[in-house]
Amino acid sequence: MQALLVVLAIAALSLLASSRTFLDAARLPGLAQLAASGLLFLLFGALVGPGQAGILTSPNLESLRPVLALGLGTVGVILGLNLDPRLLRLLPRGVFTAALAHAGVAFLFVSVPLAAVLLLTTGLPLATAVGGAALLGAAASLSSGHFAVLGYRSGRMERARGLAVALLTILDDGVGLMVLALALVLGASANPAEGLGLVSLALLLGMMCGALIAFLTYGLKDPAELMAVTLGGVALVGGAAAYLRVSALLAGVACGATLALVGGRAVEQVARSLGRFERPAYLVLVFLVGCHLQGRDVDAWMLLPGYVTLRFVGKILGGALARRYAANVLELPPRLGYALISQGGLALCLVAEYLLLVPGTLSQQVFDIVAVGAVINEVLASRAFRRVLEPPVKPKAPEGAA
């Protein structure tokens, strides 16, 4: 009963934090930034979880695991709808190269050094250490575009530049999802062949659910019926994934991508229906993710400064490289890397999924590093984004020049 009351209270707060008043960057810029990131719910979850106050105990979190899977599945479906293959084919190749550049540089800057550290200090098997380091790199590769969106909504940033940054942060999601699939192949079962089977099962489950939603929504015109079918289909994805002990996030992405590909005219209406519940569902999910934070592992705290520093440097260099590749196709700000510091919620979803499916000391370390790192990166991003808004300083002409 106590766990249910806490979750209901968080759900009510998530509805309040999703209101347009809190997200209006022109009226309340500071409050809009906090509401957009959702990290206050992460901190509150960490406070009431078993690692701190213990209001929610470990058995409570185990009983709430289907709710967490439902949230991960919902996020996955929304991501899959955003990665519509038909729309992606319309984008120039330079856009994909730029997204891969900024995500790939950060991934390499974090995963390679930390893989060496884990191998030298923990004595873990090669596949396990590489999988954990790869997941840290995947979380580091992801960026959130909410600072850019709030910037152009408040008039502090040109709309074209804000949308270009947001587009790059959407496309880098593919890197993180592919690395998550690889990490699950290596660590979710006794051998990689079984792990590959579990990942394939999750993707197949998602595609079947996406096709089922497309079939059921075909020809529906009543908004209430469409919303009921959509929410039921999304709940089916998360529930089936939780029952089969496979990745709800990957199943949701496969469901959304399949729906976007074969759903026809109903796709826009489905996306609109999900959009009404996106913010509250995301905030409740972030709260439940935060409840799993332990913060007691000394090794995790020792790796945290390296993770944050390497990611920051990787994003700055990767942003410069991405701006060079997309110079002719996107209007990007001069200091693009500083606009990519914010980590975003998908990184939390990746490590939460890994913690659920590959429980152990290393997965808890990875989760703690990324969760605490997300808060630190958000603080850094709030200051770094000011450099994006400042005009670049032009070099002074030498005296006597014509």
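## Helix packing and empty space in a predicted model

α5 passes α17 in a left-handed crossing. That is a handy way into this predicted model, where α17 also packs against α18, and α18 in turn packs against α9. Several of these helices come together again around the largest pocket, whose lining draws on α5, α9, α17 and α18, among others. Here is a friendly tour, helix pair by helix pair, and then through the empty space.

**α5 with α17**

- The axes of α5 and α17 lie 11 Å apart, and the angle between them is about 135 degrees.
- That angle makes α5 oblique to α17, because it does not exceed the 145 degrees beyond which a pair counts as roughly antiparallel.
- On the α5 side, the residues that meet α17 are Arg65, Leu68, Leu72, Val75 and Leu79.
- Their partners in α17 are Leu346, Cys349, Glu353, Leu356 and Leu357.
- Sorted by class, this contact has eight nonpolar residues and two charged ones, with no polar residues.

**α17 with α18**

- Moving along to the next partner of α17, the angle with α18 is about 165 degrees and the axes are 9 Å apart.
- α17 is therefore roughly antiparallel to α18.
- The crossing of α17 with α18 is left-handed.
- From α17, the contact takes in Ala347, Leu348, Val351, Ala352, Tyr354 and Leu355.
- From α18, it takes in Ser363, Gln364, Val366, Phe367, Val370, Ala371 and Ala374.
- Eleven of the residues in the contact of α17 with α18 are nonpolar and two are polar, while none is charged.

**α9 with α18**

- α18 has a further partner in α9, with an angle of about 40 degrees between them and axes 11 Å apart.
- This places α9 oblique to α18.
- α9 and α18 form a right-handed crossing.
- His146, Phe147 and Ala148 are the α9 residues here, and they meet Glu378, Ala381, Ser382 and Phe385 of α18.
- The contact of α9 with α18 is made up of four nonpolar residues, two polar residues and one charged residue.

**The largest pocket**

- The volume of the largest pocket is about 1,500 Å³.
- Its lining has 48 residues, and those closest to the pocket centre are Ile78, Asn82, Ser144, Ile170 and Glu278.
- Which helices supply at least two residues each to this lining? They are α2 (29-37), α5 (65-82), α6 (85-88), α9 (146-153), α10 (159-171), α15 (266-290), α17 (346-357) and α18 (361-389).
- α15 contributes the most to the pocket lining, with eight residues.
- By class, the pocket lining has 29 nonpolar, 13 polar and six charged residues.

**The cavity**

- How many cavities of 30 Å³ or more turn up in a search of the whole structure? The search finds one.
- The largest cavity holds about 50 Å³ of space.
- Around the largest cavity sit Leu293, Gly295, Ala300, Trp301, Leu304, Asp368, Ile369 and Val372.
- α16 (298-325) and α18 each give at least two residues to the cavity lining.
- Six residues of the cavity lining are nonpolar, one is polar and one is charged.

**Where the topics meet**

- α18 is a good helix to keep in view: it packs with α17, packs with α9, helps line the largest pocket and helps line the largest cavity.
- α17 is worth a second look too, since it packs with α5 as well as with α18, and supplies at least two residues to the lining of the largest pocket.

How values were computed. Residues numbered from 1 in each chain as written. Predicted model: local features only at pLDDT ≥ 70, side-chain atom pairs only at ≥ 80, totals over all residues. Heavy atoms only, no water. 1 Å grid on protein atoms, 1.4 Å probe; cavity = no way out; pocket = protein on both sides within 12 Å on 5 of 7 lines; lining within 4 Å. Points joined across faces, edges and corners; volume = space filled by probe spheres on them. Helix = DSSP H or I, 4+ residues; strand = E, 2+ residues; numbered from the N terminus. Nonpolar A, V, L, I, M, F, W, Y, C, P; charged D, E, K, R; others polar. Axes fitted to C-alpha atoms, helices over the stretch in contact; angles between N-to-C directions. Parallel < 35°, antiparallel > 145°, perpendicular 65-115°, else oblique. Left-handed = near helix turned anticlockwise from the far one by under 90°. Contact = heavy atoms within 4.5 Å.
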